[in-house]
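Biologist: Could you walk me through this one? I'd like to go piece by piece.

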Amino acid sequence: MNDKQRRMQYLKFRWKDYGVGYLFMLPWIVGFASFVAFPVGWSIYNSFNDIDLTSEGFKYTWVGFQNYYDMLFRNTAYPIILITEFLELLITIPMILIFAFFISLLLNQKFPGRGIMRAIFFLPVIFTTGQVIFQMFSTGAGELPFMETYNIRGIADRFFGGWLEDAVVNVLSQAVIILWYSGVQILIFLAGFQTIPRTLYEAIRVDGASPWESFWKITFPGMIPFMGLNAIYTIVDMFTFPFNPVLEIVSRNMFDASRGYGYASAMAWLYFLLIMILIFIALWFTGRASRKGRE
Amino acid sequence: MKWGQTVRQIKGEMTGAMDSRKAQQVKKMILGQNVNDGWLAKIVLLLMLIVIAFLYVQPIIEMISTSLKTLGDLIDPVVGFIPREMTMQNFLDAWKGLKYPEAFGITLFLALFGSIFQVLSCSLTGYALARLKFPGKNLFFVLTIVAFLVPPQITIVPLYMIFYQLGWLYTPLVILVPALLAQGIRGALFVIIFRQFFLSQPKALEEAAKMDGASAFRLFFRIMLPLAKASCLVVFLFSFIWYWNMYYEVELLLSQGFTPLSIRLDQLETNLVGNRALNFIGNPADPVSEGPRMAAAFLIVLPPVILYLIAQRWFTEGIERTGMVE
């Protein structure tokens, strides 16, 4: 057996190993190609086309960036809605994170009835996906009881003026959404608390640190990766949120004969790009913060 | 004389010390040694949680109360949470409007098989990404994350066209085939969960099995999958509930024929037209249809709530043991 043959044999052996890996991945590869890659590619292609629905099917006309241009400079409503939605996300996401963190901190303590409390706080996981929550909100069952009783709008009017008032009232009236969309986040944070070893707390207590200090020195830095995870989960979650006004417009345009599906695809892609920016911001922050914590 | 005085003094000091020790004990009980284990802290904590928990439970109570109210009670603003007279009429309407037994069967079929398929396919993929060696593995992992980020709004119309070409529209295949190929509802997230779990397992397991001459598949199904029982359960439960509630995807792909409950909730008003209480389709906040719609919503969430109450322990504890933790 010469060197070459031995090499061949070795490669054969390696590829047999690799083959098993690919065999395990096969369902995913087929699924990804047909249900993710292909639709995404098609959708990108669509966004550069003007699509007419004729009796023989779709008729494509290549228009380049025309759809994007129209959407940004001709359509007066879409950019405004996009920006408002983006600003609201910027307020809502940190609020969801802070709320979920606070609740999970409380749920992580020992107290009587912890099991029941945990059960209640995970209920949103069951309710928030799908049509049921939409029905609950449209009949007013999901509104915060104090919003009307205490005339929150009037108070906000006195302290904040103009656009800030609108944003504050909007977020407050969506306070329930913050409550209802933090189920999974609470779960992830609770799981995160378990990863911090108990001995660390004991060690810092022996060193004479107060609980306040041990929270900021140990708990908080340890939880930063989970905040990043939660931030990304929240962003993706809000993306497919049933009341999302941007997606409403996209869906409406999808089946609108005058502008067509190509235009709607362009709208969806622009929104997706904005969301990707948010995700990168979240990743960058957590990356920087956890590096800082390690130093 | 002097001696007696000293004794009395010592006695007094002793009782004083005793008192202060008792006081210390009481103080310790109330305030605790740390911030979080005294009575006071616990009461404050519990109060805070109860207030917030009420906000969570309140819409559910309102849903149940609305579904039990008669039309007169719904219109009357004086009537609060408790209806003047209970009626089951709303539930009867909802039952009829949803065609509940049939729709229940369809939804159960989709959710059950969808989630079983997802557990199988996602665990297979997660295992390969965590433990097997092959070129391009990192690329596949990045693509998994991309798949998680791509919103369904972008892919839904191309998917509709694909399923239309295949002739699968309005059949359960539109749900089951993607599930079997690890691209079901939030499949990418489940792949990541499984990958994380398998990464945390000791390497020696596989080496031992390989020594014994077990094939990769045998190793996976006999050893690795049973080890991942907790992850499987969490993925199954989440997947089941998400499939049960799934709305956006099926709104287009299963809008006729094989319709699950969530779509029928949407069509409830149309289905009930001609019914004595609902002879027009009003605005969503219209009290006329509010009763049946809330009753329908209750009927829909009831099965997952029951499942959740049974499996609650695994939901909340299992997740702490699975690979959700990086």
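**Where the chains meet**

Modeller: Chain B puts 75 residues into the contact and chain A puts in 66 residues. Keep in mind that this is a predicted model.

Biologist: Which helix gives the most to the side of chain B that touches chain A?

Modeller: Several elements of chain B give two or more residues to that side, including helix H5 (100–131), helix H12 (229–245) and helix H15 (287–321). Helix H2 (39–68) of chain B is on that list too. The top contributor, with 15 residues, is H2(B).

Biologist: And how many residues on that side of chain B are nonpolar?

Modeller: Split the side of chain B that touches chain A by class, and 13 residues are polar and eight are charged. The nonpolar ones number 54.

**Each chain by itself**

Biologist: How many helices and strands are there in chain B?

Modeller: Chain B has 326 residues, and 39% of them count as buried. Among its contacts between residues at least 6 apart in sequence, 76% join residues at least 24 apart. Its secondary structure is zero strands and 15 helices.

Biologist: What does the secondary structure of chain A come to?

Modeller: Chain A has 295 residues, 33% of which count as buried. Of its contacts with a separation of 6 or more, 72% come from residues 24 or more positions apart. The tally for chain A is two strands and 14 helices.

**A helix pair in chain B**

Biologist: How do H5(B) and H9(B) sit relative to each other: oblique or roughly parallel?

Modeller: Two packed helices are described by the angle and the distance between their axes. Here the axes of H5(B) and helix H9 (residues 187–199) of chain B come within 7 Å and cross at roughly 50°. Angles under 35 degrees would count as roughly parallel and 65 to 115 as roughly perpendicular. The crossing angle falls in neither range, so H5(B) is, relative to H9(B), oblique.

Biologist: What hand does the crossing of H5(B) and H9(B) have, and how many charged residues are in their contact?

Modeller: H5(B) passes H9(B) in a right-handed crossing. H5(B) brings residues including Cys122(B), Tyr127(B) and Leu129(B), while those from H9(B) include Phe190(B), Phe194(B) and Phe198(B). By class, the contact has nine nonpolar and five polar residues, and the charged ones number two.

**Two unusual phi values**

Biologist: Is Tyr170(B) buried or partly exposed?

Modeller: Most residues other than glycine have a negative phi. Tyr170(B), in the loop between H7 and H8 of chain B, has a positive phi of about 60°. Buried would take 20 or more other C-beta atoms within 10 Å. Tyr170(B) has 16, so it is partly exposed.

Biologist: What about Arg186(B), buried or exposed?

Modeller: Arg186(B) lies in the loop between H8 and H9 of chain B, and its phi is also positive, near 50°. It has 22 other C-beta atoms within 10 Å, so Arg186(B) counts as buried.

**Domains of chain A**

Biologist: How many residues of domain 1 of chain A are in contact with domain 2 of chain A?

Modeller: The domain assignment gives domain 1 (3–47) and domain 2 (67–128 + 181–294), with C-alpha centres 33 Å apart. Domain 2 of chain A brings six residues to the contact. On the domain 1 side, one residue is nonpolar, three are polar and no residue is charged. The number from domain 1 of chain A is four.

Notes
Residues are numbered from 1 along each chain as its sequence is written. Chains are lettered from A and ligands numbered from 1 in the order in which they are written. This is a predicted model: local features need pLDDT of at least 70, side-chain atom pairs count only at pLDDT 80 or more; totals for chains, interfaces and linings use all residues. Two residues are in contact if their C-beta atoms, placed from the backbone, lie within 7 Å. Helices (H or I, at least four residues) and strands (E, at least two) are DSSP runs, numbered from the N terminus. Ala, Val, Leu, Ile, Met, Phe, Trp, Tyr, Cys and Pro count as nonpolar, Asp, Glu, Lys and Arg as charged, and the others, Gly among them, as polar. A residue is buried if 20 or more other C-beta atoms lie within 10 Å of its own, exposed if 12 or fewer, and partly exposed in between; C-beta atoms are placed from the backbone. Axes are lines fitted to C-alpha atoms, for helices over the stretch in contact, and angles run from 0 to 180 degrees between N-to-C directions. Angles under 35 degrees count as roughly parallel, over 145 as roughly antiparallel, 65 to 115 as roughly perpendicular and the rest as oblique. A crossing is left-handed if the near helix is turned anticlockwise from the far one by less than a right angle, and right-handed if clockwise. Domain bounds come from an automatic or database domain assignment.
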